[in-house]
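Q: I'm new to reading protein structures, and I'd like to take a slow look at just one part of this one. Could you pick out a single helix and walk me through how it sits in its surroundings?

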Amino acid sequence: MSAAHDSYIIGINWGSTNFRAYRIGADGAVTGTLEQPRGIAGLERAQMQALLEEVVATWPQATRIYASGMIGSNIGWSDAGYVDCPASPDAIAGQLHEVRIGAHAVAIVPGLACRRSDGAPDIMRGEETELLGMVASGAIPATGLVALPGTHSKWVRLEQGVVVEFMTAMSGEIFDRLTAAGLLASVVDGPAHDGAAFVAGVQAAQHGTGLGTLLFGARARVIRGDLPRTDGAAYLRGLLIGAELADVQRYWGGALDAVPLVGAAPVCALYARALQALGGSGVAIASQQASTRGFLALHRAAGALA
């Protein structure tokens with residue numbers, strides 16, 4: 001077996017709450033995974049270094065170590081900055097942030113920054129590596145819109161594999177906070193589902209009324225008997241996703257057909273239902289290997305630039 005065949009890199013997705021490290025072969029095969037709930041937000045620098053030492057001790061022959069996510073933020077090991085859009089894989093590889101964590105050289109992937117068509121700035125950190133991996137593997141089209149639903153959902157416009165611009169919506173976090181405490185928590189009984197109440201929320205958010213007014217209206221609907229408490233979460237989720245989709249339409253217009261949806265299956269199902277309710281459609285995309293393929297794409301791009 002050749003040395004080239006044996007060679008591998010380490011790719012680390014290091015977010016605020018979780019740590020995932022991968023042993024990635026030259027052919028893209030993932031031959032080892034280490035996962036721990038030890039995100040950047042809960043670690044001191046000495047603990048970050050110790051965790052990396054554990055990884056290197058497990059896979060000591062890596063030719064290169066890459067890391068993406070909050071490790072490169074202002075609360076991480078070192079701020080890796082942002083690459084301005086339009087951002088190609090070569091542009092991202094050309095701005096890898098080289099640091100040393102203990103005795104080990106690590107290339108931290110920078111985030112992306114853009115100014116949307118409305119002139120407002122937006123930023124992402126971590127998702128850029130997933131996007132690179134999905135485009136490189138052909139999992140998503142190189143041109144068009146792609147959505148990454150989640151706590152902070154991203155909508156990204158791609159042209160020939162280049163990230164042109166994107167928008168972020170805090171729909172997931174807002175929903176979690178509203179249903180956990182405060183006034184609206186009292187009108188919620190059970191999880192969100194994609195039934196008629198959810199669709200009604202999606203459609204209500206298209207009529208131009210401000211989200212603050214719509215959200216309080218959800219309480220009024222329950223109090224006045226127009227909405228069962230068991231449908232409260234679904235209606236709220238619909239309002240938030242519907243408002244997000246209204247923003248997407250304002251920025252980019254056109255039909256939202258066959259939009260790739262990359263994220264957890266239950267959340268992607270809600271987004272697909274919302275798109276359907278508005279005359280569009282969504283396609284759930286498995287993202288298990290998105291980050292690892294992204295690290296490999298960056299490794300190859302960096303090698304070509306060397």
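A: Here's a close look at helix 9, from its length to its two sides and its neighbours. Keep in mind that this is a predicted model.

Let's begin with the basics. Helix 9 covers residues 265–277, which makes 13 residues. From its first C-alpha to its last, the helix reaches 18 Å, close to the 18 Å expected at 1.5 Å a residue.

Now, which residues of helix 9 are buried? They are Cys 268, Leu 270, Tyr 271, Ala 274 and Leu 275. Try looking straight down the axis of helix 9: the buried residues fall within an arc of 155°, so they line one face of the helix. There's a handy rule behind this kind of pattern. An α-helix has 3.6 residues a turn, so residues three or four places apart point the same way.

What about the other side? The face of helix 9 turned away from the buried side carries Ala 265, Pro 266 and Gln 276, which are exposed.

So what covers the buried residues of helix 9? The cover includes three helices you can find on the model: helix 5 (171–180), helix 6 (196–204) and helix 8 (232–252). Strands are part of the cover too, including strand 11 (153–159), strand 13 (259–262) and strand 14 (282–285).

One last detail is found just after helix 9: there, Gly 279 takes a positive phi of about 90°.

Terms used: Residues are numbered from 1 along each chain as its sequence is written. This is a predicted model: local features need pLDDT of at least 70, side-chain atom pairs count only at pLDDT 80 or more; totals for chains, interfaces and linings use all residues. Side-chain values use heavy atoms; hydrogens and water are left out. Helices (H or I, at least four residues) and strands (E, at least two) are DSSP runs, numbered from the N terminus. The expected span of a helix is 1.5 Å times one less than its number of residues. Buried means under 20% relative accessible area, exposed over 50%, partly exposed in between (1.4 Å probe, protein chains only). The arc is that of the directions from the helix axis to the C-beta atoms. Contact means heavy atoms within 4.5 Å.
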